[in-house]
Amino acid sequence: MARPDYYAILGVTRGADETEIKRAYRRVALESHPDRFPDDEQAHERFREASEAYEVLSDPLKRARYDSSRLLPEGLDLTRPPNVATARELFANMFGDVFGSRRNDRRKGRDIRYTLSVELADAVLGSSHTISFEGRGACESCEGSGTEPEGREAIECPNCAGGGEVKTGGLFSRRSKCGRCDGLGMIQQDPCVTCRGRGVIRRERSFDVRLPPGTDSGTMKVLRGQGEPGRFGGDAGHLRITINVKPHPWLRRDGQNLLAKLPVPFTRAALGGKIPVPTIEGWVDMEVPAGVQSGAKLRLRGKGVPDGRGGRGDQFVELQVETPKQLEGTRTKELLLELDRTMQREPVLPEHRELLAALAAHEGRKHQN
Ligand SMILES: [Zn+2]
Ligand SMILES: [Zn+2]
């Protein structure tokens, strides 16, 4: 494998000295830095290559071996080449946070998370809500600037020259957050008395939230820029609202459909007719066919969940036939005894036909004896 031409990558002559090489590396790296071209793979590779070239050429020993190995047909493996991440670290440790990305991160406002609990009908049919909570918002006295009204403007932090970072340590120096400005790169000369220069204060915050018809539990709504305010021009965070749908006492959602279990007296199940059924929008009358069995599922078309495109799911009603209990001394008991003596029994399910015929024969014999 041919060894890359590190001199060409950095655009320096073979006799370039340490200062020239460092200057050349800074230039090439800046022209291809991932912070500037986050989606450009070619730039990432140029950036990585420049860092590799610098690692070799900046070290006299590695450079000497590189220079001699270039004369051989196959190069010696001098170094483990840096990847993009380690190249970034190398660059940041040498030249600092030139794009201010970490400083800008610190200026950003944080996201706020909120859970909004709603009734099933509000989620299925759509609704509007006002939510309010105690949270960090822009200070009203200074309009979020952090500067006392009529006071002197904020200035770049003299400790870090606005970069938000300082070099610490000796030989193995690192860049770390500036303590004077807390990494923000700016300091207040006349901080606002109300918010102590932060521009941000805890206060009552309230927002209107609209839920479209068909909203499901677990849906996340993001109100962009409505989180905690940023500082010194940083972006505000977002307000992230999770929708939690409370369980309904008798309706259950299943995708686009709704499901209800409904008790029906056995007399009504036998006779059929209209029975009142609860839907998400109130009671409707549903026709039950005569002789309906327990467990039957009836469909109410278009009474389910709106799909947001003009369509709508169905509601299913599962019937549970009720057998009466506690009849002692009632008229119902007399009627049931009468019915029990006179009712013709017919097999409801085909698989019971033979069994019922055998039973009838058994009862017939009993009466004869
Ligand atoms: Zn203030
Ligand atoms: Zn500072």
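1. A word before we start: a residue counts as buried here when its relative accessible area is under 20%. Cys181 sits at 4% relative accessibility, so this cysteine counts as buried. Keep in mind as you read that the whole thing is a predicted model.

2. Cys181 is a good way in, since it belongs to a metal site. Which residues hold the zinc ion called ligand 2? The protein donors are the SG atoms of Cys157, Cys160, Cys178 and Cys181, lying 2.3 Å from the zinc ion (ligand 2). The four donor atoms make angles of 104 to 115 degrees, and the site is tetrahedral. Along the chain, the donors of ligand 2 follow the spacing C-x2-C-x17-C-x2-C.

3. The record has something to say about this site too. An unreviewed UniProt entry places a "binding site" feature at Cys157, Cys160, Cys178 and Cys181. These residues are spread over 25 residues of sequence, yet they cluster in space, with a largest C-alpha distance of 9.0 Å.

4. Are the other donors of ligand 2 buried or exposed? Cys178 has 0% relative accessibility, so Cys178 counts as buried. Cys157 is at 1% and counts as buried, and Cys160 is buried with a relative accessible area of 10%.

5. Now for where two of these cysteines live. Cys157 is in the loop between E3 and strand E4 (165-168), while Cys178 is in the loop between strand E5 (174-177) and E6. Setting aside residues up to four places away in sequence, Cys157 touches Gly162, Cys178, Arg180, Cys181, Gly185, Met186 and Ile187. On the same terms, the contacts of Cys178 are Cys157, Asn159, Cys160, Gly164, Glu165, Val166 and Gly183.

6. There is another zinc to look at. The zinc ion (ligand 1) is coordinated at 2.3 Å by the SG atoms of Cys139, Cys142, Cys192 and Cys195. Its site is tetrahedral, with angles of 101 to 115 degrees among the four donor atoms. The donor spacing for ligand 1 is C-x2-C-x49-C-x2-C. Cys142 and Cys195 link distant parts of the chain, being 53 residues apart: Cys142 is in the loop between strand E2 (127-138) and strand E3 (155-156), and Cys195 is in the loop between strand E6 (186-187) and strand E7 (200-211).

7. UniProt (unreviewed entry) also has a "binding site" annotation covering Cys139, Cys142, Cys192 and Cys195. How far apart are they in space, given a spread of 57 residues of sequence? They cluster, and the largest C-alpha distance is 9.0 Å.

8. On to how sheltered the donors of ligand 1 are. Cys139 counts as buried at 1% relative accessibility, and Cys192 is buried with a relative accessible area of 1%. Cys142 is buried at 6%, and Cys195 is buried at 4%.

9. Two of these are worth a click in the viewer. Cys139 is in the loop between E2 and E3. Leaving aside neighbours within four places in sequence, Cys139 is in contact with Gly144, Cys192, Thr194, Cys195, Gly199, Val200 and Ile201. Cys192 lies in the loop between E6 and E7, where its contacts, counted in that way, are Cys139, Ser141, Cys142, Gly146, Thr147, Glu148 and Gly197.

10. What about disulfides? A search of the whole structure finds zero disulfides.

11. Moving to the start of the chain, the unreviewed UniProt entry annotates residues 5-70 as "domain: J". Over residues 5-70 the chain is 70% helix and 0% strand, and the end C-alpha atoms are 9 Å apart.

12. Next, the nonpolar cores. The largest has 22 residues, and Leu10, Val12, Ile21, Tyr25, Leu57 and Phe91 touch the most other members. Helices H1 (6-10), H2 (18-31), H3 (41-57) and H5 (84-95) are the elements that give two or more residues to this core. A second, separate core has 20 residues, including Phe133, Phe207, Leu239 and Leu251. Back in the largest core, Leu57 touches Tyr6, Tyr7, Leu10, Ile21, Arg63 and Tyr66, not counting residues up to four places away in sequence.

13. Last, a charged residue. Glu228 is in the loop between strand E8 (220-223) and strand E9 (239-245). At 14% relative accessibility, Glu228 is under the 20% cut-off and so counts as buried. Beyond four places in sequence, Glu228 touches Gly109, Arg110, Ile112, Arg136, Arg205, Ala236 and Gly237.

Conventions:
Residues numbered from 1 in each chain as written. Chains lettered and ligands numbered in written order. Predicted model: local features only at pLDDT ≥ 70, side-chain atom pairs only at ≥ 80, totals over all residues. Heavy atoms only, no water. Donors = N, O, S within 2.8 Å, 3.2 Å for Na, K, Ca; no water. Tetrahedral: all angles 85-135°; square planar, octahedral: opposite > 155°, others 65-115°. Buried < 20%, exposed > 50% of the residue type's maximum accessible area, 1.4 Å probe, protein only. UniProt positions renumbered as here; feature names shortened; annotations may be inferred. Helix = DSSP H or I, 4+ residues; strand = E, 2+ residues; numbered from the N terminus. Contact = heavy atoms within 4.5 Å. Core = buried A, V, L, I, M, F, W, Y, C linked by side-chain atoms within 4.5 Å. Disulfide = S-S within 2.5 Å.
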